[in-house]
Amino acid sequence: MTKVAVNGAAGRMGRTVIETAADRDDVDVVVGFDVEGPDEVQGVPVVDADEAADALAEYDADVAVDFTVPEATLSLAEACREAGVGMVVGTTGFDEDGFAALDDTAEDVPLLKATNFARGVHALLRAIKEALPAVPDYDLELMETHHNGKIDAPSGTAKTMLETVQAERDVEPVYGREGHAPRDEDEIGVFARRAGDIRGEHELIAAGNDEVLSLSHHAEDRSVFAAGALDAAVWTENQDPGRYDFGNVIDQ
Ligand code: NAD
């Protein structure tokens with residue numbers, strides 16, 4: 001049984017992680033952290049994030065799962081380092097300094113980060129890598145759609161898809177188009193839509209030669225991300241310090 005702490009426990013994903021864990025017998029959420037919201041979520045005590053280092057020790061957590069904002073993740077990283085607790089990071093929107101700080105943390109504790117914990121998205125990334133060599137001259141465009149509360153754009157998953165494309169093709173992203181904006185041969189349009197409570201939709205199209213190839217993923221519920229993050233927490237508990245991604249869990 002992996003004892004999990006949840007950072008951002010009162011948020012959309014934090015709550016879903018706690019709910020999803022309640023139906024599993026391989027994980028136990030022992031404590032949550034947040035800066036606002038209730039003192040407990042589904043019977044799990046939620047303490048102030050400033051007290052995370054002490055609480056990790058007090059509740060004997062094995063792994064901390066984080067779905068917050070980059071500043072909160074980095075502050076939790078300090079606490080995890082102090083307490084010797086591994087991390088699973090789902091938060092997106094880090095800048096270069098943020099990535100460097102996570103690398104630093106991973107020298108002392110195992111740290112698994114994924115922009116998307118849906119297994120289908122991992123399969124989508126593999127499909128993109130596999131498909132692109134067969135359509136070398138086709139125009140590529142990338143679209144993502146999320147709920148109206150999402151802060152960062154384009155989504156972390158869209159960025160990961162873009163990196164996957166760029167590993168295969170020399171294309172430059174163009175973020176939206178307006179006015180006189182003819183398409184360059186070597187560009188990839190990237191579009192972010194925000195509406196309602198859409199969980200997460202991603203699509204890459206490759207068009208040319210009188211055909212359109214569409215590679216897409218649609219998350220139906222946040223529980224898909226929560227389930228993947230909890231699988232990652234169970235896996236991370238037994239790892240040495242270092243940086244890992246969701247591929248390590250799927251390929252185990
Ligand atoms: P949300 O706004 O609903 O929840 C974030 C929570 O973090 C809030 O409760 C907020 O109070 C809390 N928080 C803010 N500052 C904090 C701090 N200093 N310490 C502790 N908690 C703090 O957001 P969400 O929809 O749950 O998404 C959170 C993050 O997870 C976003 O970056 C989003 O892109 C990402 N996300 C990743 C995946 C994935 O599969 N990797 C899936 C969904 C969302």
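**View 1. The loop between β3 and β4, with Gln-42.** In this predicted model, Gln-42 is placed in the loop that runs between β3 (40-41) and β4 (44-48). The backbone of Gln-42 has a phi near 50°, which is a positive value in a residue other than glycine.

**View 2. The cis peptide bond that precedes Pro-154.** Ala-153 and Pro-154 are joined by a cis peptide bond, for which omega is about -10°. Pro-154 has its place in the loop between β8 (139-146) and α6, and α6 itself spans residues 156-168.

**View 3. The ligand and the residues around it.** The ligand is surrounded by 24 residues, of which Met-13, Asp-34, Thr-92, Phe-117 and Lys-150 come nearest. Sorted by class, this shell is made up of 10 nonpolar, nine polar and five charged residues. The space that the ligand takes is the largest pocket of the protein, whose lining is the subject of View 5.

**View 4. Polar atoms facing the ligand.** Among the polar contacts of the ligand is one to the side chain of Asp-34, where an N or O atom lies 2.6 Å from an oxygen atom of the ligand. The protein backbone takes part as well, since a polar backbone atom of Ala-114 is 3.1 Å from a nitrogen atom of the ligand, and a backbone N or O atom of Asn-116 lies 3.5 Å from a nitrogen atom of the ligand. On its own the ligand has 880 Å² of accessible area, and the protein covers 81% of it.

**View 5. The largest pocket and its lining.** The largest pocket, which is the space taken by the ligand, holds about 1,000 Å³ of space. Its lining consists of 45 residues, and those closest to the centre of the pocket are Met-13, Phe-67, Thr-68, Val-69 and Thr-91. Two or more lining residues come from each of the elements α1 (12-22), β2 (27-34), α3 (70-83) and α6 (156-168), and α3 gives the most, with four residues. Divided by class, the lining of this largest pocket has 16 nonpolar, 21 polar and eight charged residues. Met-13 thus appears twice in these views, being listed with the residues that come nearest to the ligand and also with those closest to the centre of the largest pocket.

**View 6. The second largest pocket.** About 540 Å³ of space lies in the second largest pocket. This pocket has a lining of 23 residues, and the ones that lie nearest its centre are Lys-113, Ala-114, Thr-115, Thr-160 and Glu-163. The elements that contribute two or more residues to the lining are α5 (119-131), α6, β13 (242-244) and α8 (246-250), and the largest share, five residues, comes from α6. The class count for the lining of the second largest pocket is eight nonpolar, nine polar and six charged residues. Ala-114, listed here by the centre of the second largest pocket, is also the residue whose polar backbone atom is 3.1 Å from a nitrogen atom of the ligand. Helix α6 likewise links two views, as it gives two or more residues to the lining of the largest pocket and two or more to that of the second largest pocket.

**View 7. The enclosed cavity.** The structure holds one cavity of 30 Å³ or more, and about 30 Å³ of space lies in this largest cavity. The residues that line it are Ala-131, Leu-132, Leu-204, Ile-205, Ala-206, Leu-213 and Leu-215. By class this lining has seven nonpolar residues, with no polar and no charged ones. Both β11 (201-208) and β12 (211-218) supply at least two residues of the lining, and β11 gives the most, with three residues.

Notes:
Residues numbered from 1 in each chain as written. Predicted model: local features only at pLDDT ≥ 70, side-chain atom pairs only at ≥ 80, totals over all residues. Heavy atoms only, no water. Near = heavy atom within 4 Å. Polar contact = N/O pair within 3.5 Å; in protein donor to acceptor, adjacent residues only side chain to side chain. Areas by Shrake-Rupley, 256 points an atom, 1.4 Å probe, with all protein chains shown as cover. 1 Å grid on protein atoms, 1.4 Å probe; cavity = no way out; pocket = protein on both sides within 12 Å on 5 of 7 lines; lining within 4 Å. Sits in = over half its atoms within 2 Å of the grid points. Nonpolar A, V, L, I, M, F, W, Y, C, P; charged D, E, K, R; others polar. Points joined across faces, edges and corners; volume = space filled by probe spheres on them.
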